[in-house]
Amino acid sequence: MNPLKDKHVVLGVTGSIAAYKAADLASKLVQAGAKVDVVLSENASRFVAPITFQGLTHRPVVTDLFDPQSELYIDHVALALRADVIIVAPATANVLAKLAAGMADDPLTATVLGSTAPLVVAPAMDVHMFDHPAVQENLARLRARNVTIIGPELGRLASGLMGTGRLVEPEVLVEHLRMLLGKNGDLKGKKVVVSAGGTQEPLDPVRMLTNRSSGKQGYAVAQAARDRGAAVTLVTAPTSLRDPVGVRVVRVTTALEMRDAMLAASEHAHIVIMAAAVADYRPTNAAQHKLKKTPDQTSSLELVKNPDIIAEVQGPFIKVGFAAETQDLIPNASAKLRAKGLHLIAANDVTATDAGFGTDTNRVVLIDRNGTVDQLPSLSKYEVGHRILDRVLAIAAMERHAG
Ligand code: CTP
């Protein structure tokens with residue numbers, strides 16, 4: 001279900017100092033399962049040697065249309081026809097001008113012109129170049145032709161200037177490609193709402209009650225749904241994670257705020273997945289000012305129950321919850337499935353080292369209303385997201401059949 005798996009990606013690299021980041025991009029694309037054909041402009045190969053890309057992709061790198069060793073020497077549109085997507089990163093002002101004009105005087109621009117695959121460009125250049133009307137006009141022409149333009153970002157540039165011109169981080173570019181390649185996936189037209197992170201319940205202006213949730217599993221579910229074509233809303237408590245590409249993010253802090261956001265977001269939803277770690281209780285009265293210590297040796301805190309959000313959120317959608325357990329995983333999770341009216345629950349033992357809070361992997365047991373128990377192996381949280389969505393689609397198909 002990973003949309004990059006076995007896809008042919010043509011990565012065009014042009015002569016910007018950011019070319020070194022293209023090596024990382026190539027590596028990340030290969031790790032995501034793509035077959036990456038790198039085409040270097042003459043100037044790009046002054047910044048990074050072809051052998052760097054060859055080593056990362058295990059495939060020949062094209063630098064010259066007329067190199068007898070190159071596939072393009074025999075068939076100049078070989079890469080163009082094979083490509084599922086073409087990305088030019090970094091894209092210089094020069095290559096933008098060539099692409100806008102429809103030139104084809106080097107292997108990269110010839111490949112772009114000879115291909116019907118979607119084209120993505122990630123510009124990188126100094127701020128004044130980027131601001132130049134010629135560059136802006138070229139970008140507008142490309143945009144009008146449905147070329148996806150990503151970035152550049154604001155930040156410190158190689159020249160030392162601060163401004164817009166930085167190449168978007170490779171990790172983010174990979175996300176864009178996943179989303180683009182997955183846009184006609186099996187969740188196309190579906191509205192998916194996901195919650196993530198641990199809620200924070202204030203005690204006073206400087207203290208709060210919270211938990212160890214990192215938000216990673218919820219963010220990964222949101223990304224997986226996006227990569228299958230869904231319109232995704234992510235309701236998130238504070239985390240250190242960056243916003244997923246192409247996902248509507250609603251930020252909340254407390255359980256009460258999360259409830260309101262979930263009720264609003266789940267209207268017209270097809271799937272609601274509650275991965276957030278919600279505080280079961282909050283301080284009855286959050287103090288206006290910082291609480292002072294007293295001479296007493298003990299102190300106690302009065303708490304009041306928070307609403308059970310996923311139990312309250314109701315509608316004609318498929319409802320999925322998580323169960324964080326430290327013991328009796330399956331009976332506890334099955335009881336939660338019933339009590340909260342869920343279709344599916346993903347239970348994990350949060351004491352395991354390869355599962356639960358803060359890790360990049362998770363080992364969950366999926367339990368449905370029929371009592372089917374599916375123990376998944378240790379997987380990346382993104383992969384766990386896909387497995388949950390596979391099951392959700394199967395449940396939706398069964399419900400359609402029954403109803
Ligand atoms: N949940 C919720 N609202 C709450 C508490 C939990 O929506 N106030 C959701 C969680 O997001 C999760 C599921 O309910 O999808 C189970 O959460 P978990 O913390 O495992 O269980 P609790 O219901 O809080 O039960 P307990 O803490 O007693 O184990």
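**Salt bridges, pair by pair**

Reader: What makes Arg251 and Asp243 a salt bridge?

Author: In this predicted model, the closest N and O atoms of Arg251 and Asp243 are 2.7 Å apart. The cut-off is within 4 Å, so the pair makes the grade.

Reader: Why is Arg251 called exposed?

Author: Its relative accessibility is 58%. Exposed means over 50%, so Arg251 gets that label.

Reader: And what about Asp243: buried, exposed or partly exposed?

Author: Asp243 has a relative accessible area of 34%. Buried would need under 20% and exposed over 50%, so Asp243 lands in between, as partly exposed.

Reader: How do you know that Asp308 forms a salt bridge with Lys340?

Author: Same kind of check: their closest N and O atoms are 2.7 Å apart, and the limit is within 4 Å, so the pair counts. This one links distant parts of the chain, 32 residues apart. Asp308 sits in the loop between β15 and α13, and Lys340 in the loop between α14 and β17.

Reader: Why is Lys340 called partly exposed?

Author: Lys340 has a relative accessible area of 23%. Buried means under 20%, and 23% isn't under that, nor is it over 50%, so partly exposed it is.

Reader: Which side chain does Arg82 meet in a salt bridge?

Author: That would be Glu71, at 2.7 Å from N to O. Arg82 is in helix α5 and Glu71 in helix α4, eleven residues apart. At 39%, Glu71 falls between 20% and 50%, so Glu71 is partly exposed.

Reader: How many salt bridges does the rule give?

Author: The count comes to 26.

How values were computed
Residues are numbered from 1 along each chain as its sequence is written. This is a predicted model: local features need pLDDT of at least 70, side-chain atom pairs count only at pLDDT 80 or more; totals for chains, interfaces and linings use all residues. Side-chain values use heavy atoms; hydrogens and water are left out. Helices (H or I, at least four residues) and strands (E, at least two) are DSSP runs, numbered from the N terminus. Buried means under 20% relative accessible area, exposed over 50%, partly exposed in between (1.4 Å probe, protein chains only).
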